[in-house]
Amino acid sequence: MIALGADHGGFRLKEAVRKYLDDHSIAYQDFGCFSEESVDYPLFAEKVAHAVARGKAEKGILCCGTGIGISIAANKVRGIRAAVCTNAFCAEVCRRHNNANVLCMGGRVIDEGRAVELAGIFLNTPFDGGRHARRVAQIARIEDEETEGRETLNGQVFVMEHPLIQHKLTLLRDKNTGSKEFRTLVGEIATLMCYEATRDLPLEVTQVETPVAMATTRVLSGRKLAFVPILRAGLGMVDGVLELVPAAKVGHIGLYRDHDTLKPVEYYSKLPADTSERDVIVLDPMLATGGSAIDAIRIIKRSNPKSIKFMCIIAAPEGLKALTEAHPDVQIYCANVDERLNENGYIVPGLGDAGDRIFGTL
C-alpha cells in the first residue's frame, strides 16, 4: 500500500499520482489534502511518514510547492528517508542507493506528467543493497545516537549501556562466579547485545489475519544471517544469539594466541557455503589485542559476505584501535571498553580468560 499526501501547493501532483495508482491497480491511502485551499504541509507529511514508519504503508509520496518543506517534515519521523526528486535519475538513485521510502515532489517545480513519471520510477526501482546497505544503516545510527542504552564511539563502535547488560557484566567479572553461572551470563548478555546489533535488519510489509481482523504488519525481508564464533570462547555466545535468530547458520573459526608473540594462529575454518549471501556477525567475548578478530574477519572476507559485524562483551582500547584501523567497514558492538592491556596482553580490569571460565579449565 502507498501513502499519499500533499498540501495545496502539491495537490495537483497528488491527484495525478493518485490516478496513476488507480490505473495500475496499486493500493493506496490518500491522507489529503483534498482541495487547493491553503493548508499546512507538516500535518500531511506527519500522517504519511507515520504510515510508512509503522509499516502500514510500503512507501509514501508527498507533494508541496517545492517538495522541500514537506520532505524536511517527513524526515523528522524516525525511520523515514524522504527524497526530493525533480528528474528520473534522482528518482531511480534515491531508491537504488539510499533506499528512500518517501518520494517528495514540488507542484511549482514540475508538472503532472513528470510527477507521474517519477512516481512510477520510484515505486518500481529496487534497493541495490551491498555497500549501500551499510550506508543506510549509518543513517539509521545517526537517528539512534541519543537513544538511551547505547553510546556511539566514532560511528563504528557501539557500547551497550543497557542496565540489564551492565548488571550481568558485573556478575560476569566477579572471580567468585562459577563456570555454570558464567556460561549462563555470557549467553544472556549475547542475547541482549544481539538485539541491538540486529537493529538495522530490513523489514517488509505483509498482512496477517488476527482473530479480530486483517492486520498490516512487518516481517524481516529475507535477510540471511550467519554467526561465526572464534573458537573457543566465542562458542559461549552462540546459544544466546540463536535464541533471537534460530534460523541463522553458524560457522566456526579456530584461532589461538601464541603466548610468546601474542599473535593469533589459525588452526580451523568452516563457514556456511552460502556466506556470500549472508550478513555475518563474528562472536568473541573479549577484544584484547585485536589480532584474533582482525584475522578472523580477514578469513571471512574471502567468502565475500554482504556485511560483517563484530560482537564482544569487553574490549580494550588497544584492540578497538587495531580492529577499526584494519577493518574500517566493520561495526563493533561491545558491553564495555575497559582501561588497558597489561604486560601479558590481558584486559584490565577484564574478567580473566573467558574461555577457561566458560569451560571450567582454569
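**View A. Cys-94 is buried, with a relative accessible area of 5%.** In this predicted model, we start at a cysteine and ask about its possible partners. How many disulfides does the count come to? The count comes to 0 disulfides. Cys-94 is in no disulfide, and its nearest cysteine sulfur belongs to Cys-85, 3.9 Å away; a disulfide would need the two sulfur atoms to lie within 2.5 Å. Cys-104 is likewise in no disulfide, with the sulfur of Cys-64, the nearest one from a cysteine, 7.3 Å away. Cys-104 counts as buried because its relative accessible area is 0%, and buried means under 20%.

**View B. Phe-158 and Tyr-333 form the 1 aromatic pair that the structure holds.** The ring centres of Phe-158 and Tyr-333 are 5.0 Å apart and the planes meet at 20°, so the pair is stacked. Planes under 30 degrees apart count as stacked. Which strands hold these two rings? Phe-158 lies in strand β7 and Tyr-333 in strand β18 (residues 331–334), so the pair ties together parts that are 175 residues apart in sequence. Both Phe-158 and Tyr-333 are buried.

**View C. The largest nonpolar core gathers 37 residues.** Look for Leu-172, Met-193, Phe-227, Leu-283, Met-311 and Ile-313, the residues with the most contacts inside this core. Two or more residues come from each of β7 (157–160), α7 (163–173), α8 (179–197), β10 (225–231), α9 (238–244), β14 (279–283) and α12. Which element gives the most to this core? That is helix α8, with 8 residues. Apart from this core lies another one, of 26 residues, among them Val-159, Leu-271, Phe-310 and Leu-323. Here is a general idea to keep in mind: in soluble globular proteins, nonpolar side chains tend to be buried together.

**View D. Ile-313 is in contact with residues from several places along the chain, including Leu-169 and Asn-336.** Its neighbours within four places in sequence are left aside here. Among the contacts of Ile-313 are Leu-172, Val-186, Ile-189, Met-193 and Met-237. Ile-313 also touches Asp-284 and Pro-285, as well as Cys-334 and Ala-335.

**View E. Helix α1 has 13 residues and reaches 18 Å from its first C-alpha to its last.** That reach is close to the 18 Å expected at 1.5 Å a residue. Which residues of α1 are buried? They are Phe-11, Leu-13, Lys-14, Ala-16, Val-17, Tyr-20 and Leu-21. These buried residues pack against β1 (2–6), β2, β3, β5 (102–106) and α5 (112–124). Another residue to find in α1 is Glu-15. Is Glu-15 buried or partly exposed? Glu-15 counts as partly exposed because its relative accessible area is 21%. For a sense of scale, the C-alpha atoms of Glu-15 and Val-330 are separated by 45 Å, and the two residues are 315 apart along the chain.

**View F. Ser-25 and Asn-304 each have a positive phi although neither is a glycine.** Ser-25 comes just after α1, with a phi of about 55°. Its place is in the loop between α1 (11–23) and β2. Ser-25 counts as exposed because its relative accessibility is 69%. For Asn-304, phi is near 55°. Where does Asn-304 lie? Asn-304 is found in the loop between α10 (291–301) and β16 (307–311). With 55% relative accessibility, Asn-304 counts as exposed.

**View G. A cis peptide bond joins Gly-32 to Cys-33, and another joins Val-348 to Pro-349.** The omega angle is about 5° for the bond between Gly-32 and Cys-33. Cys-33 sits in the loop between β2 (28–30) and α2 (41–53). At the bond between Val-348 and Pro-349, omega is about 0°. Pro-349 belongs to the loop between β21 (347–348) and α12 (354–359).

**View H. Confidence is lowest in strand β6 and highest in strand β3.** The mean pLDDT is 56 in β6 (residues 150–153) and 98 in β3 (residues 59–64). For the protein, pLDDT averages 91, and 96% of the residues score at least 70.

How values were computed: Residues numbered from 1 in each chain as written. Predicted model: local features only at pLDDT ≥ 70, side-chain atom pairs only at ≥ 80, totals over all residues. Heavy atoms only, no water. Helix = DSSP H or I, 4+ residues; strand = E, 2+ residues; numbered from the N terminus. Buried < 20%, exposed > 50% of the residue type's maximum accessible area, 1.4 Å probe, protein only. Core = buried A, V, L, I, M, F, W, Y, C linked by side-chain atoms within 4.5 Å. Contact = heavy atoms within 4.5 Å. pLDDT = per-residue confidence, 0-100. Expected span 1.5 Å × (residues − 1). Phe/Tyr/Trp six-rings, centres within 6.5 Å; stacked < 30°, edge-to-face > 60°.
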